[in-house]
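Biologist: I'm new to reading models like this, and I'd love a close look at just one part of it. Could you walk me through a single helix and how it sits among its surroundings?

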Amino acid sequence: MSNFRYRYTNEKNQSNIGSITLMTLHAAKGLEFDAVFLIGLEEGILPHSRSTKQNSDALEEERRLLYVGMTRAKTKLFISFCQERFIHGKICPSAPSRFLKEVPLDCIDERDRWFLESNISHNKQEHEIPHS
């Protein structure tokens with residue numbers, strides 16, 4: 001562990017060129033990056049399963065968190081989700097996040113639309129940006 005602390009302290013003081021930063025959506029507020037990778041956009045993960053069972057305020061907070069993550073990207077945003085997940089020793093089916101259907105199709109690379117169009121009932125109207 002002391003070796004890790006030493007490497008972390010030294011690397012922290014050097015340039016961030018060619019590096020990645022791993023953080024939670026909460027920690028990303030106010031920061032910007034050239035490219036952002038958001039992973040796990042699945043029901044039960046984002047939105048978290050607890051927020052879907054609580055009141056609508058909890059679900060709105062999850063939506064705002066995703067918005068924070070998406071707007072951290074200056075040039076490229078990559079979003080991923082699984083069709084299956086290994087949970088408690090079993091392979092379980094996974095559904096894409098309900099929030100993905102709120103992303104306007106013209107914001108999604110044409111090569112990736114086929115999956116969303118066939119697996120998520122997409123609302124093709126204009127989408128309002130959530131207010132923080």
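Biologist: To start, what percentage of the 132 residues of the protein chain counts as buried? And then, which residues of α3 are buried?

Modeller: Happy to! This is a predicted model, in which local features need pLDDT of at least 70 and side-chain atom pairs count only at 80 or more, while totals for chains, interfaces and linings use all residues. Residues are numbered from 1 along each chain as its sequence is written, and side-chain values use heavy atoms, leaving out hydrogens and water.

Of the chain's 132 residues, 24% are buried (under 20% relative accessible area, with exposed over 50% and partly exposed in between, using a 1.4 Å probe and protein chains only). The chain has four helices and four strands (DSSP runs: H or I of at least four residues, E of at least two, numbered from the N terminus). Their order along the sequence is α-β-α-α-β-β-β-α.

Now for our helix. α3 covers residues 56-70, which makes 15 residues. From first C-alpha to last, α3 reaches 21 Å, close to the 21 Å expected (1.5 Å times one less than the number of residues). At its start, a side-chain oxygen of asparagine 55 comes within 3.1 Å of the backbone nitrogen of aspartate 57.

To your second question: the buried residues of α3 are Ala58, Leu59, Glu62, Arg63, Leu65, Leu66, Val68 and Gly69. A general point helps when you look at such a list: an α-helix has 3.6 residues a turn, so residues three or four places apart point the same way.

What lies over these buried residues? The cover includes β1 (33-38), α2 (49-53) and β2. Strand β2 spans residues 73-79 and holds phenylalanine 78, which is partly exposed, with a relative accessible area of 38%.

Stepping back to the whole chain, take the contacts (heavy atoms within 4.5 Å) between residues at least 6 apart in sequence: 62% of them join residues at least 24 apart. For a pair that is distant in sequence, look at alanine 95, in the loop between β4 and α4. Alanine 95 and glutamate 42 are 53 residues apart in sequence, yet their C-alphas are 5.6 Å apart in space. Setting aside neighbours within four places in sequence, alanine 95 touches Glu42 and Glu43. Alanine 95 is itself partly exposed, at 38% relative accessibility.

Definitions and conventions: A polar contact is a pair of N or O atoms within 3.5 Å; within protein, one must be able to donate a hydrogen and the other to accept it, and residues adjacent in sequence count only if both atoms are side-chain atoms.
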